[in-house]
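Biologist: I have just opened this one and have never looked at it before. Could you walk me through it?

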Amino acid sequence: MKNSLFVKPFLRWAGGKNWLVKHISNLVPDDFNDYHEPFLGGGAIFFNMPIKKKVYLSDSIPDLINAYIQVRDNLEMILLCLSNFRNTKKDYYEIRSRKYNDPTMQAAQFIYMNRTCFNGIYRVNYKGDFNVPYGFKKYKILFDHNQFRKASNLLKNTEIFTSDFEGTLKNIREKDFVFLDPPYNITTVKNGFIKYNEKLFSRDDQIRLASYLKKINKRGAYYLLTNANHPFVRELFKNEGKIFSIERSSVIGGKKALRGQISELIFSNIS
């Protein structure tokens, strides 16, 4: 069930849902109105969704949202900026250290660092500065301009904004479809959640998310939620529709990371 204009996401994203794409046709509603994605990340599901009506894309990370907006609205300037960046350790740290005021340059810097940093991880320090090390990943083509143009075309006429997921509820109506992919990882910390950016998506946030699902249900909208296969999550969301478990390969690396097969949960109210 792919969008007829499907393109590969232009961002790498730790915890992204490229692995879910092959399952998505069996999980989405046969027909729905507007589409909402409150944890946008790399946007793999959006880029595969057969969308007919309005699209609302959001995330709580301002730099990420600015990158999407600039690719949608100022792509040629983005591509011009990216053409001046080189994939070397020296260039990476020099570009990472720059402070830009222009939103287009900020977006180009974000896209470059996402492409060349370690494992596509987004992480900032207490000052809000991106601090992921260089990834030493080699590419035949650093930036595929054709891929970006296809992505930009798909983003036309979408509403893209920075928001906590609860702030998106005002846009959701009956028979809309909401895909939710909160930050999580159960392989590296005891409580089942890992910090990908300056704010941990905590147990309290998971409780807020459970309440958010109930509100979506009351509005008569559809939802599909991916989450950690963790006892706390299972208990919290046990009354929230159907539950599926899917095995996948872990893609987050590092000295303390655990690679191999991990299990994720999918919750859905779609009959």
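Modeller: What follows goes from the chain as a whole to a few of its helices, strands and residues. Please keep in mind that this is a predicted model.

Biologist: Fine. How many helices and strands does the chain have?

Modeller: The chain has seven helices and seven strands, and along the sequence they come in the pattern β-β-α-α-α-α-α-β-β-α-β-α-β-β.

Biologist: And what share of the chain is buried?

Modeller: Of the 271 residues in the chain, 52% are buried. The accessible surface comes to about 13400 Å², and carbon and sulfur atoms account for 50% of that surface.

Biologist: What share of the contacts comes from residues 24 or more positions apart?

Modeller: Counting contacts in the chain with a separation of 6 or more, 71% are between residues 24 or more positions apart.

Biologist: Let's pick a helix. Where does α4 sit in the sequence, and what is its reach?

Modeller: Helix α4 covers residues 103–116, and its 14 residues reach 20 Å from the first C-alpha to the last, which is close to the 20 Å expected at 1.5 Å a residue. At its N-terminal end the helix is capped by Asp102, whose side chain has an oxygen 3.1 Å from the backbone nitrogen of Thr104.

Biologist: Is α4 enclosed or open, and why?

Modeller: Helix α4 is largely enclosed by the rest of the structure, because 10 of its 14 residues are buried. Among them are Ala107, Ala108, Phe110, Ile111, Tyr112 and Met113, and the buried residues of α4 pack against α1 (62–73), α2 (75–82), α3 (89–96) and α5 (145–155).

Biologist: There is a glutamine in there too. What does the side chain of Gln109 reach?

Modeller: Gln109, which is found in helix α4, has a side chain that reaches the backbone oxygen of Arg98 at 3.0 Å. Gln109 counts as buried because its relative accessible area is 9%, under the 20% cut-off. Leaving aside neighbours within four places in sequence, Gln109 is in contact with Phe85, Ile95, Arg96, Arg98 and Tyr100.

Biologist: You said α1 packs there. What covers the buried residues of α1?

Modeller: The cover over the buried residues of α1 includes β2, α2, α4, α5 and β3 (158–162). Those buried residues include Leu64, Ile65, Tyr68 and Val71. Helix α1 itself has 12 residues and reaches 16 Å from first C-alpha to last, close to the 16 Å expected at 1.5 Å a residue.

Biologist: Changing topic, there is an aspartate in β2. Is Asp59 buried or exposed?

Modeller: Asp59, in strand β2 (residues 55–59), counts as buried, because its relative accessibility is 7% and the cut-off for buried is under 20%.

Biologist: So which backbone nitrogens does its side chain reach?

Modeller: The side chain of Asp59 reaches the backbone nitrogen of Leu40 at 3.0 Å, and a polar atom of that side chain lies 3.2 Å from the backbone nitrogen of Ile61. Not counting residues up to four places away in sequence, Asp59 also touches several others, including Leu64 and Ile65; both of these are among the buried residues of α1. Phe161, Thr162 and Ser163 are touched by Asp59 as well.

Biologist: Now the later part of the chain. What is β5 paired with?

Modeller: Strand β4 (residues 177–180) is joined to β5 by four bridges, and the two run parallel; Val178, for example, has Tyr223 in β5 as its bridge partner. Six of the seven residues of β5 are buried, so this strand is largely enclosed by the rest of the structure.

Biologist: Which residues is Leu225 in contact with?

Modeller: Leu225, in strand β5 (residues 222–228), is buried with a relative accessible area of 0%. Setting aside neighbours within four places in sequence, its contacts are Leu180, Pro182, Leu209, Leu213, Phe237, Leu265, Ile266 and Phe267. The C-alpha atoms of Leu225 and Ser268 are 6.3 Å apart, although 43 residues separate the two along the chain.

Biologist: Last one, how many disulfides does the structure hold?

Modeller: The structure holds zero disulfides. As for individual cysteines, Cys81 is buried with a relative accessible area of 9%, and Cys117 is buried with a relative accessible area of 1%.

Key
Residues are numbered from 1 along each chain as its sequence is written. This is a predicted model: local features need pLDDT of at least 70, side-chain atom pairs count only at pLDDT 80 or more; totals for chains, interfaces and linings use all residues. Side-chain values use heavy atoms; hydrogens and water are left out. A disulfide is a pair of cysteine sulfur atoms within 2.5 Å. Buried means under 20% relative accessible area, exposed over 50%, partly exposed in between (1.4 Å probe, protein chains only). The expected span of a helix is 1.5 Å times one less than its number of residues. Contact means heavy atoms within 4.5 Å. A polar contact is a pair of N or O atoms within 3.5 Å; within protein, one must be able to donate a hydrogen and the other to accept it, and residues adjacent in sequence count only if both atoms are side-chain atoms. Accessible areas come from the Shrake-Rupley method with a 1.4 Å probe; for residues, only the protein chains shown count as cover. Two strands pair if DSSP finds at least two bridges between them.
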